[in-house]
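This report covers one acidic side chain, then the aromatic rings and the charges placed over them.

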Amino acid sequence: MANHDDKNDNHEESSPLLGKQVGEEDAKKASKPTDAKADTATVTVGKAPAPAPGNFGGYGWTADGLPLGHGSVVGEPMGRAHWDSSLFACLGRTDEFCSSDLEVCLLGSVAPCVLYGSNAERVASSPGSFASHCLSYTGLFLLGNSVFGWNCLAPWFSSASRTTIRRKFNEQGSWEALHRSCGCCGCFLEDEAQREQCETACDFVTHFCCHTCALCQEGRELRRRLPHPGFNAQPILVMIPPVEQSMGRGA
């Protein structure tokens with residue numbers, strides 16, 4: 001009888017389900033807190049984590065390489081960017097675009113119609129639109145000089161390009177720059193529609209009073225930000241027929 005009980009005990013110990021049940025009970029015991037102090041969460045106050053490699057001074061960068069500012073990619077607006085060069089920086093900057101800046105300055109002084117046509121072509125990103133913009137500007141330029149004695153009609157036509165560039169790249173307008181420097185008329189910046197009307201009026205005044213400098217500033221900005229639309233053409237697959245082959249005798 002004792003031997004039979006020993007066999008049953010050995011059978012229970014050798015059962016494969018026994019180890020699983022014991023393991024589950026141990027896991028339940030381990031998951032239950034053994035002390036009342038274990039229920040209290042411990043909060044560790046320390047230093048803030050270091051910024052990611054892509055953040056410098058609190059400013060991030062988007063996938064396109066543009067500054068993110070205080071906003072985020074999702075939901076929050078991006079901060080307004082500044083113009084790459086000032087309005088009166090006629091010779092541009094001494095960087096890799098220095099030769100292009102000199103070309104822009106020369107075109108703005110001698111042939112503003114060519115510079116405006118090039119700027120409008122880059123903004124529209126449509127190859128072939130240079131001629132239409134250049135001819136329209138030339139007509140207003142000649143009409144203003146012949147009737148009024150100076151170029152007073154072309155700025156009415158070209159000021160819209162400055163507004164387009166400012167909206168396209170989220171540039172800081174003249175009214176906002178004046179508010180940041182002087183701190184005046186900040187009430188106009190609170191309403192988006194009212195601010196845009198003021199900025200559009202400032203774009204027109206800039207072109208009307210400093211027309212050549214405005215064209216040069218826009219040309220420098222566009223050449224640094226956008227490639228020429230002629231370089232964006234789709235590649236063409238050219239099929240070359242095989243060369244005529246001839247059979248020759250081996251030596």
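Glutamate 199 is found in helix α8 (helices are DSSP runs of H or I, at least four residues, numbered from the N terminus). The model is predicted: local features need pLDDT of at least 70, side-chain atom pairs count only at pLDDT 80 or more, and totals for chains, interfaces and linings use all residues. Residues are numbered from 1 along each chain as its sequence is written, and side-chain values use heavy atoms, with hydrogens and water left out.

Glutamate 199 is buried (under 20% relative accessible area, 1.4 Å probe, protein chains only). It has no salt bridge (a side-chain nitrogen of Lys or Arg within 4 Å of a carboxyl oxygen of Asp or Glu). Arginine 166, the nearest side chain of opposite charge, is 4.8 Å away. Beyond neighbours within four places in sequence, glutamate 199 has contacts (heavy atoms within 4.5 Å) that include Arg166, Trp175 and Glu176.

The whole structure holds six aromatic pairs (ring centres of Phe, Tyr or Trp, for Trp the six-membered ring, within 6.5 Å). The rings of tryptophan 150 and phenylalanine 208 have planes at 75 degrees and centres 5.5 Å apart, so this pair is edge-to-face (over 60 degrees). Tryptophan 150 lies in the loop between α5 and α6 and phenylalanine 208 in helix α8, so the pair ties together parts 58 residues apart in sequence. Ring pairs also link Tyr116, Tyr137, Phe141 and Phe157 into a cluster.

Two arginines lie over ring faces (CZ within 6 Å of the ring centre and within 35 degrees of the ring normal).

| Arginine | Ring | Distance to ring centre |
|---|---|---|
| Arginine 162 | Tryptophan 83 | 4.6 Å |
| Arginine 225 | Phenylalanine 169 | 4.8 Å |

Definitions and conventions
Rings of Phe, Tyr and Trp (its six-membered ring) pair if their centres lie within 6.5 Å; planes under 30 degrees apart count as stacked, over 60 as edge-to-face and the rest as tilted. Helices (H or I, at least four residues) and strands (E, at least two) are DSSP runs, numbered from the N terminus. Buried means under 20% relative accessible area, exposed over 50%, partly exposed in between (1.4 Å probe, protein chains only). Lys and Arg count as positive and Asp and Glu as negative; His and the chain ends are not counted.
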